[in-house]
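Work through the exercises below with the sequence and the structure open beside you, and try each task before reading its solution.

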Amino acid sequence: MVYYSATGNTEEVANYIADATGGDLFEVEPAEPYTDDDLNWTDDNSRVSREYADESLIEEKYDEIYEICEKGSKLLL
Ligand SMILES: Cc1cc2nc3c(=O)[nH]c(=O)nc-3n(C[C@H](O)[C@H](O)[C@H](O)COP(=O)(O)O)c2cc1C
């Protein structure tokens, strides 16, 4: 199971699912860590807001992540 969690909410859910299913967890970590200001989704000009509006701004290598999933992971959170 592959997940990304900036503030821990998704991680908590991922842990519940891993416990219930006995699955392995793989945490995706951003190459460039997000600061609190970056994560402020109420600010239209924050990093997450800009990335949400334009996915090409996201630096992560999603191809690699999806490749990992195709090789055997069942769930992407
Ligand atoms: C673009 C964007 C929009 C968001 N909109 C909301 C929202 O409408 N309501 C909300 O409670 N959280 C919103 N969030 C915050 C997170 O999605 C939310 O806190 C989530 O649980 C964080 O998960 P994490 O702890 O695994 O990082 C938004 C985040 C982003 C990046």
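The exercises go from the overall fold to the ligand and then to single residues.

**Exercise 1. Describe the order of helices and strands in the protein.**

Solution. Begin by noting that this is a predicted model. The next step is to take the inventory, which gives three helices and two strands. Reading along the sequence then puts these elements in the pattern β-α-β-α-α. As a last step, consider the contacts between residues with a separation of 6 or more: 53% of them in the protein are accounted for by residues 24 or more positions apart.

**Exercise 2. Compare the reach of helix α1 with its expected span, and say what comes just after the helix.**

Solution. Helix α1 has 13 residues. The expected span is 1.5 Å times one less than the number of residues, and for α1 this is given as 18 Å. From its first C-alpha to its last, α1 reaches 19 Å, which is close to that expectation. Just after α1 comes Gly22, whose phi is positive, at about 75°.

**Exercise 3. Find the residues around the ligand and sort them by character.**

Solution. Starting with the lower numbers, the residues around the ligand include Ser5, Ala6, Thr7, Gly8, Asn9, Thr10 and Glu11. Further along the sequence, Trp41, Val48, Ser49 and Tyr52 also belong to this group. Sorted by character, the shell divides into four nonpolar residues, six polar residues and one charged residue. Turning to the helices, α1 (9-21) and α2 (47-53) each supply at least two residues of the shell.

**Exercise 4. Decide whether Ser49 is buried, partly exposed or exposed, and describe its surroundings.**

Solution. Locate Ser49 in helix α2, and recall that Ser49 is one of the residues around the ligand. A residue is buried if 20 or more other C-beta atoms lie within 10 Å of its own, and exposed if 12 or fewer do. Ser49 counts as partly exposed because it has 16 C-beta neighbours inside 10 Å. Leaving aside residues up to four places away in sequence, Ser49 touches Trp41, Asp43 and Asp44. Finally, Leu39 is ten residues from Ser49 in sequence, and their C-alpha atoms are 8.2 Å apart in space.

**Exercise 5. Decide whether Ile17 is buried, partly exposed or exposed, and set the result beside the figure for the protein.**

Solution. Ile17 is found in helix α1. With 16 C-beta neighbours inside 10 Å, Ile17 is therefore classed as partly exposed. For the protein with its 77 residues, 1% count as buried. To complete the picture, the C-alpha atoms of Ile17 and Met1 are separated by 8.9 Å, while the two residues stand 16 residues apart along the chain.

Definitions and conventions:
Residues numbered from 1 in each chain as written. Predicted model: local features only at pLDDT ≥ 70, side-chain atom pairs only at ≥ 80, totals over all residues. Near = placed C-beta within 6 Å. Helix = DSSP H or I, 4+ residues; strand = E, 2+ residues; numbered from the N terminus. Nonpolar A, V, L, I, M, F, W, Y, C, P; charged D, E, K, R; others polar. Contact = placed C-beta atoms within 7 Å.
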